[in-house]
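Reader: Please take a close look at one part of this model, the enclosed space inside it, and describe the elements around that space.

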Amino acid sequence: MLVAVVPAHDEERTLPESLRSLRVQSPAPDRVVVVADNCTDGTAAVAAAFGAEVVTTAANTGRKAGALNQALDVLLPSLADDDQVLVMDADSAIVPGFLAAATAWLRDHPGTGAVGGVFTGRAGGGLVGALQRNEYARYAREVDRRRGRAMVLTGTATLFRVAVLREIAAARGRVLPGRPGSVYDTLALTEDNEITLAVKSLGHAAVSPRECGVLTEIMSTWRDLWHQRLRWQRGALENLRAYGLTRVTLPYAAKQIAMYLGIVAVALFLLATVLFAAHGELGPPRGFWLAVTGLFVVERAWTVRTRGPRAMLLAAPIVVEFGYDLFQQAVFLRAAADTLGRRAVHWHHATSLRAA
């Protein structure tokens with residue numbers, strides 16, 4: 001049996017497209033369960049109109065992870081170990097063929113515990129939206145070059161083996177952080193990153209094949225993007241602290257160290273630029289450095305070619321995406337400061353493009 005679980009908080013506008021994308025799958029889910037979590041709109045009514053089962057959370061304070069735990073507490077006892085559960089966001093839509101590819105992968109690769117999607121951003125959002133879509137295109141390219149090995153099982157859509165979900169719940173409080181018996185750790189700010197570490201820590205592979213595409217919402221304002229990325233980075237750091245340094249977390253820790261060293265390198269580059277400018281020695285690149293700059297421009301444009309000429313034109317000047325990188329580096333520094341200071345963080349719900 002294949003069960004789709006769709007947690008939704010006030011998602012009446014985006015939920016229909018998500019449910020339609022499930023209908024066209026082959027195999028289609030045997031059951032579709034929408035988890036209406038603290039909703040104040042017509043989410044539950046929309047789900048029922050599409051023929052989905054509706055589970056309404058009771059006094060949930062654990063955000064998405066808590067909503068999923070309440071639904072899985074009801075569902076898992078009725079499922080067999082070889083059944084599968086698709087966890088999918090209500091603001092996302094999976095491409096036709098997603099479930100065919102994901103179920104085939106689990107069938108042919110017994111060592112794989114879960115199959116995640118490769119996400120792309122919806123249209124709209126102006127410059128900030130275009131920059132996110134370029135970023136997602138490069139992430140998809142990176143996953144493809146890693147032959148589908150996933151760093152994160154995206155919360156937009158991931159298919160799990162039921163046996164693995166049970167194993168995670170049984171390991172909580174012992175081998176894994178979290179409350180014993182719960183599939184998701186409600187203390188984790190980024191439940192998708194945390195459950196990826198859980199799957200891998202128990203010895204299972206996590207993959208994201210290119211055929212498993214997901215179309216998801218992008219942040220339409222810089223403020224929304226700031227809050228989203230702050231939660232993502234803060235969650236990644238706190239997940240590493242909760243798990244400690246292990247064989248599984250070592251690559252994640254190394255990536256974080258490299259990223260923060262990169263911030264230092266950028267700061268030194270900007271300082272050198274200012275000093276050279278102050279002494280009148282700043283000019284256009286020449287000779288060897290002109291060739292290096294040209295290669296960098298080509299690389300930035302080439303890595304987003306799948307998105308078309310407009311994306312390549314946005315990437316080519318470098319300066320626009322460099323500004324986007326500086327924005328994200330500011331987020332990373334703030335996340336590190338908040339983590340060290342153990343400051344409280346709040347979940348931020350962005351306004352949908354179609355609700356704006």
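Author: A convenient starting point is N69, which lies in helix α3 (residues 63-75); helices (H or I, at least four residues) and strands (E, at least two) are DSSP runs numbered from the N terminus. The model is predicted, so local features need pLDDT of at least 70 and side-chain atom pairs count only at pLDDT 80 or more, while totals for chains, interfaces and linings use all residues. Residues are numbered from 1 along each chain as its sequence is written, and side-chain values use heavy atoms, with hydrogens and water left out.

N69 is buried, with a relative accessible area of 5%, where buried means under 20%, exposed over 50% and partly exposed in between (1.4 Å probe, protein chains only). Not counting residues up to four places away in sequence, N69 touches S182, V183, Y184 and T186, contact meaning heavy atoms within 4.5 Å.

Y184 also belongs to the lining of the largest cavity, together with K64, V87, L153, T154, G155, T158, F160, E191, D192 and I195. On a 1 Å grid over the protein atoms alone, a cavity is a set of points where a 1.4 Å probe fits but cannot get out, and lining residues have an atom within 4 Å of a point. A search of the whole structure finds one cavity of 30 Å³ or more, and the largest cavity has a volume of about 70 Å³. Grid points are joined across faces, edges and corners, and a volume is the space filled by probe spheres set on the points.

Two elements, β8 (157-161) and α7, give two or more residues to this lining, and α7 gives the most, with three. By class, the lining of the largest cavity has five nonpolar, three polar and three charged residues; Ala, Val, Leu, Ile, Met, Phe, Trp, Tyr, Cys and Pro count as nonpolar, Asp, Glu, Lys and Arg as charged, and the others, Gly among them, as polar.

Helix α7 (residues 191-201) also packs against helix α8 (residues 222-243), at an angle of about 35° and with the axes 9 Å apart. Axes are lines fitted to C-alpha atoms, for helices over the stretch in contact, and angles run from 0 to 180 degrees between N-to-C directions. In this packing, N193, E194, L197, A198 and S201 of α7 meet A236, N239 and Y243 of α8. The contact of α7 with α8 comprises four nonpolar, three polar and one charged residues.

Conventions: 1 Å grid on protein atoms, 1.4 Å probe; cavity = no way out; pocket = protein on both sides within 12 Å on 5 of 7 lines; lining within 4 Å.
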